[in-house]
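Reader: Hello! I'd like a close look at a single part of this protein, with some of its surroundings to help me get my bearings.

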Amino acid sequence: MELFFNPFDNLVCILLGISLTVWFTLLLVFIIVPAIFGVSFGIRRLYMKTLLKLFEWATLRIERGAKENNHHLHKPYSNAIIAKEPTSFEEEIKEIRRSGSNKDLDSASASEFEMSDIFYFARRGVASIMDDEVTKRFSAEELESWNLLTRSNNNFHYISLRLTVLWGLGLLIRYSFLLPLRVTLAFTGVGLLVFLTCVIGLLPNGRMKNFLSEKVHLMCYRICVRALTAIITYHDSENKPKKGGICVANHTSPIDVIILASDGCYAMVGQIHGGLMGVIQRSMVKACPHIWFERSEVKDRHLVAKRLSDHLEVKTKLPILIFPEGTCINNTSVMMFKKGSFEIGGTVYPVAIKYDPRFGDAFWNSSKFGMVSYLLRMMSSWAIVCSVWYLPPMSREEDEDAVQFANRVKAAIARQGGLVDLLWDGGLKRGKVKETFKEEQQKLYSKMLVGTQEDRSRS
């Protein structure tokens, strides 16, 4: 039987081979090798500045087109709400009584109960529905202007042919060039992490193993950072977490781990997973003393605390990385820190992370997107731009309990990152309001009434 070969097929195979060779050579020279040595050619910074110029031009075009078509520009709803100076519970009740009665202040404050008190609770309920400061932290942050991503402007409509062509060109670049490049880098970084940590795990425990483990982790995380085209600015590096301590940070996304681990090595804490994530966890723990828990162990607070305490007792071990919020918040605020991380002792190194949403929304809405779809959204965004601040180390004071210490650390992170400091529990993302929160409001009102009765009896 005679075989015939098509010369065109041979040419296609040759061109494909040359293309792949050039592609991987460029990846090796411009991305992987610089990641190994921790250097940068400044290409990502130049790319970010170019995008900013593009966004400014697009915003001007949108404003001009809106004026020509008599369209009102969409503004975030929160900007239309005028913030009111915070007042105490009792002051607000007295203000309502004063405005609804001709009685003077003393008689109003001496009253046990007035029908006008109902309006306070009704007003608070309506205000919470209109501008709920909790649930809006679990949805994507709204932008002031469009960044040429359809997902960031649901009210997009035709403005001009030039702008539409620019959006289509950006779509083509992001999905035909950036996405394949980033997926390749992601598989390269994760593959090297799994393979090299397994190899290092065969070495005996000692300085050489620890040295190689740290270098491999840094190299692989830096490759993964480049897979997201992440442009990170680290501030106050002299305050970086040191061995034998605890690093606590606000939590916006699963990539928070990669952002921090590309600038220093940490001992991770988390639950053991299955699938690809489980393979990565099992390989990592062979080279580095990460702290993984079985599903049945996670709810045992005493066991978790003991494992963490045992790790901290060895001052040569890597600092523990913990996100005390326990869930992802949308880059606008910091919610309640779980006290468990602050009960085990040790020096706490606070870290504030703030993302720039103009280039891509890093927030993971786990109730809306799975991990794979979320990562695809990240890799098809323009870039991930963020700032990281290392705050001075903090220790628990003698007259301070774990909750007070956690709130002090949280306030410092919020202040440095320009985030709103909220007392609410991030667990409200999936659960109902605890009865204790309702009882607290009832106690405040009862305390006020009982207090007025006591004042009246004394007089």
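Just after α13, which residue takes a positive phi? And please walk me through that helix and what lies around it.

Author: Happy to. The residue is Gly418, with a positive phi of about 70° just after α13. Please keep in mind that this is a predicted model.

Let's start with the helix itself. Helix α13 runs through residues 402-417, which makes 16 residues. From its first C-alpha to its last, α13 reaches 23 Å, close to the 22 Å expected at 1.5 Å a residue. At the start of α13, Asp401 places a side-chain oxygen within 3.3 Å of the backbone nitrogen of Val403. So you have Asp401 at the start of the helix and Gly418 just after it, with that positive phi.

Next, the buried residues. In α13 these are Ala402, Phe405, Ala406, Val409, Lys410, Ala412, Ile413, Ala414 and Gly417. A general point helps in reading such a list: an α-helix has 3.6 residues a turn, so residues three or four places apart point the same way. The cover over the buried residues of α13 includes several strands, namely β2 (246-249), β6 (333-334), β7 (348-356), β8 (384-390) and β9 (420-421).

Some of these buried residues also belong to a nonpolar core. Ala412, Ile413 and Ala414 are among the 25 members of one core, and Val248 is in it as well. In soluble globular proteins, nonpolar side chains tend to be buried together.

The largest nonpolar core, which lies apart from that one, has 51 residues. Leu260, Met268, Val351, Tyr355 and Val388 have the most contacts inside it. Helix α7 (residues 207-227) gives the most to this core, with eight residues. Leaving out residues up to four places away in sequence, Val388 touches Ile232, Thr233, Tyr234, His235, Ile259, Leu260, Val351, Ala352 and Ile353.

Two of those partners of Val388, Ile232 and Thr233, lead us on to Arg45. Arg45 sits in helix α2 (residues 43-68) and is partly exposed, at 36% relative accessibility. Beyond its neighbours within four places in sequence, Arg45 is in contact with Ile231, Ile232 and Thr233. Its side chain reaches the backbone oxygen of Ile232 at 2.9 Å. Arg45 and Ala230 are 185 residues apart in sequence, yet their C-alpha atoms are 9.7 Å apart in space.

For a contrast in exposure, try Thr197 in helix α6 (residues 161-200). Thr197 is buried, at 0% relative accessibility. The side chain of Thr197 reaches the backbone oxygen of Val194 at 3.2 Å, and a polar atom of that side chain lies 3.4 Å from the backbone oxygen of Ser283. Contacts of Thr197, not counting residues up to four places away in sequence, are with Leu192, Val216, His217, Ser283, Met284, Lys286 and Ala287.

You may also be wondering about cysteines. The whole structure has zero disulfides. The sulfur of Cys288 is 7.0 Å from the closest cysteine sulfur, in Cys265, so this pair is too far apart for a bond. Cys288 is buried, with a relative accessible area of 6%, and Cys328 is buried at 6% relative accessibility.

Finally, here is the wider setting for α13. The protein chain has 14 helices and nine strands, and 40% of its 459 residues count as buried. Among contacts between residues at least 6 apart in sequence, 77% join residues at least 24 apart.

How values were computed. Residues are numbered from 1 along each chain as its sequence is written. This is a predicted model: local features need pLDDT of at least 70, side-chain atom pairs count only at pLDDT 80 or more; totals for chains, interfaces and linings use all residues. Side-chain values use heavy atoms; hydrogens and water are left out. A disulfide is a pair of cysteine sulfur atoms within 2.5 Å. Buried means under 20% relative accessible area, exposed over 50%, partly exposed in between (1.4 Å probe, protein chains only). Helices (H or I, at least four residues) and strands (E, at least two) are DSSP runs, numbered from the N terminus. Contact means heavy atoms within 4.5 Å. A nonpolar core is a set of buried Ala, Val, Leu, Ile, Met, Phe, Trp, Tyr and Cys residues joined through side-chain atoms within 4.5 Å. A polar contact is a pair of N or O atoms within 3.5 Å; within protein, one must be able to donate a hydrogen and the other to accept it, and residues adjacent in sequence count only if both atoms are side-chain atoms. The expected span of a helix is 1.5 Å times one less than its number of residues.
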